[in-house]
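Got your viewer open? Load the model, switch to a cartoon view, and let's walk through it one selection at a time.

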Amino acid sequence: MIKRKSQIKTLMTFILAMIFLVVIGIMMIAQTQTSIQIGIEERAHQAVLATVKTIRNSIVSRSVHVENLSLSLDIFGNEQELVNILINTLQKDPLLEGIYVGFEQTGKLIGCKVENDGFVQWVQPEYYDPRDRLWYIEAIKSSDPIYTPAYVDVATKKYIVTIAKAIHNIDGQLMGVVGLDLPLEKIKDNLSYLETKQIGSIIIADSVGTILAHPDKGMMSHNIRALSGQMGQIGKAMVRGEKGWQIIKYRENNYYIYYQPIDVINWSVGILMPEAEVTGGSTAFLTQIGLSGYLVLISIIFFAVFISVKQKN
């Protein structure tokens, strides 16, 4: 009888130990899953920040060119000297596509552009009046440099972004506007190195929602707010300057999307990741942990049975 009680006590001890290990295992798996999820979210967040920083540096840092030219009132004295200054600026900064000055009184535009690996003076068409252009109109409303939404350039037919600033004389009279063009293609080239360092694909939308970068090339120049379903809702949030992340259904698949605005230029960047890329690694890892746990539990059961049989004998 005493021996029987001892066997039961031993078996109960192992059963309790097994239950304890199961509970601990479940808690460890849950904690591991949370840690993996946090790690993935942090990687995505860092990818968004890196993209935001690269775009910001590519565009906002170029405002120094229009700042300097807007303070050089002597550029109105000699056209050839102005042309030389503009060409010199283009030579120093390979990201620029063109740079120019529009004059308030005459509507004349003097500008230079990159052409065939060289620099040429832009010939102003008779119909072209810089005072009617968006970059000019917006610049004269502000004391700071302005950044236009992306648009198709009249001369090059490329998507560009213009940075412009109004020029005033010492009496505050408007003299004109200096502007420069940044081609979207070159801006995206600056992001190419990020593709190999991050998870997911880059989505960029400008201040009015025009898609400037997207994993689906066919989406370029569409408005992100007009997209159907949840992606359109995310697009509206991006244009409003919001930041965050969501799980969305897009084209019959589930995606994680992390998005954040770019200050000053009012663009927004998103990192789009298939759910499988986010959860696939963690699922495999947790499966391995689960299998290992089951093996341990099976071993404990066999060990408990073995001890029980041995004691009985």
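Before we start picking residues, one term: two strands count as paired if DSSP finds at least two bridges between them. Keep in mind too that this is a predicted model.

**The whole chain.** Start with everything selected. There are eight helices and 12 strands in the protein. Of its 313 residues, 40% are buried. Turn on a surface and you're looking at an accessible area of about 17300 Å², with carbon and sulfur atoms holding 57% of that. If you like contact maps, try this: among contacts with a separation of 6 or more, 54% are between residues 24 or more positions apart.

**The sheet.** Now pick out strands 8 to 12. They form an open, five-stranded sheet with antiparallel pairing, and its order is 9-8-12-11-10. Which strands stand at the edges? Select 211-213 for strand 9 and 244-250 for strand 10: each has a single partner strand, so one side of each has no neighbour in the sheet. Tilt the view to follow the twist, which averages 30° from one strand to the next.

**Strand 8 against strand 12.** Select residues 201-205 (strand 8) together with 267-274 (strand 12). The two run antiparallel and are joined by five bridges. Show two of the cross-strand pairs: Ile204 sits opposite Val269 of strand 12, while Ala205 faces Ser268 of that strand.

**Strand 12 on its own.** Is strand 12 mostly covered or mostly open? Mostly covered: of its eight residues, seven are buried.

**Strand 11 against strand 12.** Add 253-262, which is strand 11. How many bridges does strand 11 make with strand 12? Eight, again in the antiparallel sense. For one of the pairs, label Ile262 and its bridge partner in strand 12, Trp267.

**The hairpin turn.** Stay with those two strands and zoom in on the link between them. The hairpin has four residues between its strands, and one of them to check on your Ramachandran plot is Val264, with a positive phi near 75°.

**The helix across the sheet.** Last stop: select residues 229-239, helix 7. Which strands does helix 7 lie across? Strands 8, 10, 11 and 12. Draw the axes of helix 7 and strand 10 if your viewer can do that; the angle of the helix to strand 10 is about 155°.

Conventions. Residues are numbered from 1 along each chain as its sequence is written. This is a predicted model: local features need pLDDT of at least 70, side-chain atom pairs count only at pLDDT 80 or more; totals for chains, interfaces and linings use all residues. Side-chain values use heavy atoms; hydrogens and water are left out. Axes are lines fitted to C-alpha atoms, for helices over the stretch in contact, and angles run from 0 to 180 degrees between N-to-C directions. Contact means heavy atoms within 4.5 Å. Buried means under 20% relative accessible area, exposed over 50%, partly exposed in between (1.4 Å probe, protein chains only). Accessible areas come from the Shrake-Rupley method with a 1.4 Å probe; for residues, only the protein chains shown count as cover.
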